[in-house]
Amino acid sequence: MRAIELLRGAWQSSARSLGVFFRDVGRGMLEISHNTLALVGLAAVAVLAFGIGRADLRQQAEVVALEWLQDRHEAREQAAGNMLAAVSEPEAVSRATAADLSALPREQLAVAQWIARRYRVAPEPIAALVREAWTIGQRAGLDPTLILAIMAIESGFNPFAQSPVGAQGLMQVMTRVHDDKYEAFGGTHAAFDPITNLRVGVQVLKECIARAGSLQEGLRHYVGAALLEHDGGYVARVLGEQLHLRAVADGKRVPVNAPAVIAGTPEPAATAGGGREPAPAAPAPDGAQPAPGERVALLR
């Protein structure tokens, strides 16, 4: 019995010693942790205070943070399958042929809105073409409504129109014939830039009128019918559309489905070999857009 009591006492003494040891170790670790956290906190406060006092460090931190946020945003967009996040181009709007309607003078605004409704095209690109027609028309000494009327009859305001014989763009200029005129605009691909095609077409028209000696004969030259008996009604359609546009510019009310052919003009007739094909019909009474003209703007 005496031995058992001695063993039990020894076990209890050892247990108490171990308990004291682990309690002391735990308290020591806790003290160390508290002191370490305090030191880390003090260091963070010191760094923050130093950074606040340095404008360059603040700016660098902001840049890094913004880049990190942007990278995360793009990563989320790409993960969601948004292809535009990888091909976005904020400067692309500078290539668009468009103008603010509110920036146009009254007569130009009226013409742009009327053309947009008549030919079922967006008003902003038409506004840019109308503005350019007024600018280049003044420089060339031509009525801007005449320029717009030719675009209407030639292409229906389709800048990518092409005839079977190679006339291209808004004014249906024969690019391979007038390739020299596109050199100032970087090459013949500029034929599909609406503003460039307009400018080149006006130059061709001006040369045709100067060569023929009158507006009507100049239009016959422009359409390639100078040596033919009939122009297929082309001149009548252009001048008829110009009358409508001039009336709209003057503030008069013209229905958008008004016929483009001048009353009393002969019906279009087939041309002989070597001339341009007849101009397309004017917009139908319901306002439908005409097919692109099959024309060759040749100087004969």
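Begin by selecting L215, which is partly exposed because its relative accessible area is 32%, a value between the limits of 20% for buried and 50% for exposed. The model on your screen is a predicted one, and the tour moves through it from this residue to the packed helices. L215 belongs to helix 8, and, once its neighbours within four places in sequence are left aside, L215 is in contact with L146, I209 and L239. If you add L239 to the selection and show the C-alpha atoms, you will find that those of L215 and L239 are separated by 9.8 Å, although the two residues are 24 residues apart along the chain.

Next, colour helix 5 (123-140) and helix 6 (144-155). The axes of helix 5 and helix 6 come within 8 Å of each other and cross at roughly 130°, and the two helices are therefore oblique to each other. The crossing of helix 5 past helix 6 is right-handed. To see where the two helices meet, select L129, V130, A133, W134, I136 and G137 on the side of helix 5, together with P144, T145, I147 and L148 on the side of helix 6. Sorted by class, this contact holds eight nonpolar and two polar residues, and no charged residues.

Now turn to a second pair, helix 4 (residues 106-119) and helix 9 (residues 234-249), whose axes come within 8 Å and cross at roughly 135°. That angle makes helix 4 oblique to helix 9, and the crossing of helix 4 and helix 9 is right-handed. From helix 4, the residues to select are R106, E107, A110, V111, W114, I115, R118 and Y119, and from helix 9 they are E241, H244, L245, R246, V248 and A249. By class, the contact of helix 4 with helix 9 is made up of eight nonpolar, one polar and five charged residues.

Keep I115 selected and add L148, for these are the residues that touch the most other members of the largest nonpolar core, which has 56 residues. Two or more residues of this core are given by each of helix 4, helix 5, helix 6, helix 7 (194-212), helix 8 (215-223) and helix 9. Which helix gives the largest share of this core? That share, nine residues, comes from helix 5. In soluble globular proteins, nonpolar side chains tend to be buried together. Around I115, again leaving aside its neighbours within four places in sequence, the contacts to display are R120, V121, I126, V130, L148, F157 and L245.

One of those contacts of I115, R120, is the next stop, in the loop between helix 4 and helix 5. Is R120 buried or exposed? R120 counts as exposed, because its relative accessibility is 56%. The backbone here also deserves a look, since most residues other than glycine have a negative phi. In R120, a residue other than glycine, phi is positive, near 55°.

For the last stop, select Q172, which lies in the loop between strand 1 (167-168) and strand 2 (173-174). Phi of Q172 is likewise a positive value in a residue other than glycine, near 50°. Q172 is buried, with a relative accessible area of 0%, whereas R120 is exposed at 56% relative accessibility.

Methods: Residues are numbered from 1 along each chain as its sequence is written. This is a predicted model: local features need pLDDT of at least 70, side-chain atom pairs count only at pLDDT 80 or more; totals for chains, interfaces and linings use all residues. Side-chain values use heavy atoms; hydrogens and water are left out. Axes are lines fitted to C-alpha atoms, for helices over the stretch in contact, and angles run from 0 to 180 degrees between N-to-C directions. Helices (H or I, at least four residues) and strands (E, at least two) are DSSP runs, numbered from the N terminus. Angles under 35 degrees count as roughly parallel, over 145 as roughly antiparallel, 65 to 115 as roughly perpendicular and the rest as oblique. A crossing is left-handed if the near helix is turned anticlockwise from the far one by less than a right angle, and right-handed if clockwise. Contact means heavy atoms within 4.5 Å. Ala, Val, Leu, Ile, Met, Phe, Trp, Tyr, Cys and Pro count as nonpolar, Asp, Glu, Lys and Arg as charged, and the others, Gly among them, as polar. A nonpolar core is a set of buried Ala, Val, Leu, Ile, Met, Phe, Trp, Tyr and Cys residues joined through side-chain atoms within 4.5 Å. Buried means under 20% relative accessible area, exposed over 50%, partly exposed in between (1.4 Å probe, protein chains only).
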